[in-house]
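Work through the following exercises with the model open beside you. Each task is followed by a solution in steps.

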Amino acid sequence: MINVKEATEKAKEHLSAFFPDAEEVQLEEVEISADKKHWLITLSYEADSGSVASSMLVGKSLRYKVFKLDTKSGEVISMKIRNIK
């Protein structure tokens, strides 16, 4: 079984593979499923707002991703958008 630090590192590696421009990656939440089969890791990162005009006015926005990892293999099963309101 991989531990929480290993799961977090694997989630960060997955994030950087798909979003190489992600900056200031932070660990936000960690949870193990009730059956102990999956780690749920929430990471936040800074990203450009989108358009040049909006990035000049607003700058960077904080984005969140939730990663579901198999606790035995460490394989990333899913990456989802997490909306914080």
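Contact here means heavy atoms within 4.5 Å. The model is a predicted one.

**Exercise 1. Place Val 4 and list its contacts.**

Task: find which element holds Val 4, and which residues Val 4 touches, not counting residues up to four places away in sequence.

Solution.
- Step 1. Val 4 lies in helix H1, which covers residues 4–18.
- Step 2. Leave out residues up to four places away in sequence; Val 4 then touches Val 30 and Trp 39.
- Step 3. Check the exposure. The relative accessible area of Val 4 is 31%. Buried requires under 20% and exposed over 50%, so Val 4 counts as partly exposed.
- Step 4. Look along the chain. Thr 71 is 67 residues apart from Val 4, yet their C-alpha atoms are separated by 9.0 Å.

**Exercise 2. Lay out the sheet.**

Task: give the order of the four strands in the open sheet, and state how many bridges join E1 to E2 and E2 to E3.

Solution.
- Step 1. The order is E1-E2-E3-E4, with antiparallel pairing.
- Step 2. E1 and E4 are the edge strands, each pairing on one side only.
- Step 3. On average, neighbouring strands of this sheet are turned by 25 degrees against each other, direction ignored.
- Step 4. Take E1 and E2. Seven bridges join them. Val 30 has Ile 41 in E2 as its bridge partner. The two strands form a hairpin with five residues between them, and Lys 36 in the turn has a positive phi of about 60 degrees.
- Step 5. Take E2 and E3. Eleven bridges join this antiparallel pair. His 38 has Asp 70 in E3 as its bridge partner.
- Step 6. Take E3 and E4. They pair in the antiparallel sense over five bridges. Leu 69 has Val 76 in E4 as its bridge partner.
- Step 7. Add the helix. H1 packs on the sheet and touches E1, E2, E3 and E4. The direction of H1 makes about 40 degrees with that of E2.

**Exercise 3. Trace the core.**

Task: which elements each supply at least two residues of the largest nonpolar core, and why is E2 largely enclosed by the rest of the structure?

Solution.
- Step 1. The largest nonpolar core has twelve residues, among them Ala 7, Leu 15, Trp 39, Leu 43, Phe 67 and Val 76.
- Step 2. H1, strand E2 (38–48) and strand E3 (60–70) each supply at least two of the core residues.
- Step 3. E2 gives the largest share, five residues.
- Step 4. Eight of the eleven residues of E2 are buried, so E2 is largely enclosed by the rest of the structure.
- Step 5. Take one core member, Leu 15. Beyond four places in sequence, the contacts of Leu 15 are Ala 22, Val 25, Leu 43, Tyr 45, Lys 65 and Phe 67.
- Step 6. Set this in context. Nonpolar side chains tend to be buried together in soluble globular proteins.

**Exercise 4. Find the salt bridge.**

Task: which side chains meet in a salt bridge, and which parts of the chain does the pair link?

Solution.
- Step 1. Apply the cut-off: a side-chain nitrogen of Lys or Arg within 4 Å of a carboxyl oxygen of Asp or Glu. The count comes to one salt bridge.
- Step 2. The side chains are those of Glu 29 and Arg 82, at 2.4 Å, N to O.
- Step 3. The pair links distant parts of the chain, 53 residues apart. Glu 29 is in strand E1 (residues 23–32), and Arg 82 is in the segment after strand E4 (76–81).
- Step 4. Check exposure. Glu 29 is partly exposed at a relative accessible area of 39%. Arg 82 is partly exposed at 29%.

Terms used: Residues numbered from 1 in each chain as written. Predicted model: local features only at pLDDT ≥ 70, side-chain atom pairs only at ≥ 80, totals over all residues. Heavy atoms only, no water. Buried < 20%, exposed > 50% of the residue type's maximum accessible area, 1.4 Å probe, protein only. Core = buried A, V, L, I, M, F, W, Y, C linked by side-chain atoms within 4.5 Å. Pairing = 2+ DSSP bridges. Axes fitted to C-alpha atoms, helices over the stretch in contact; angles between N-to-C directions.
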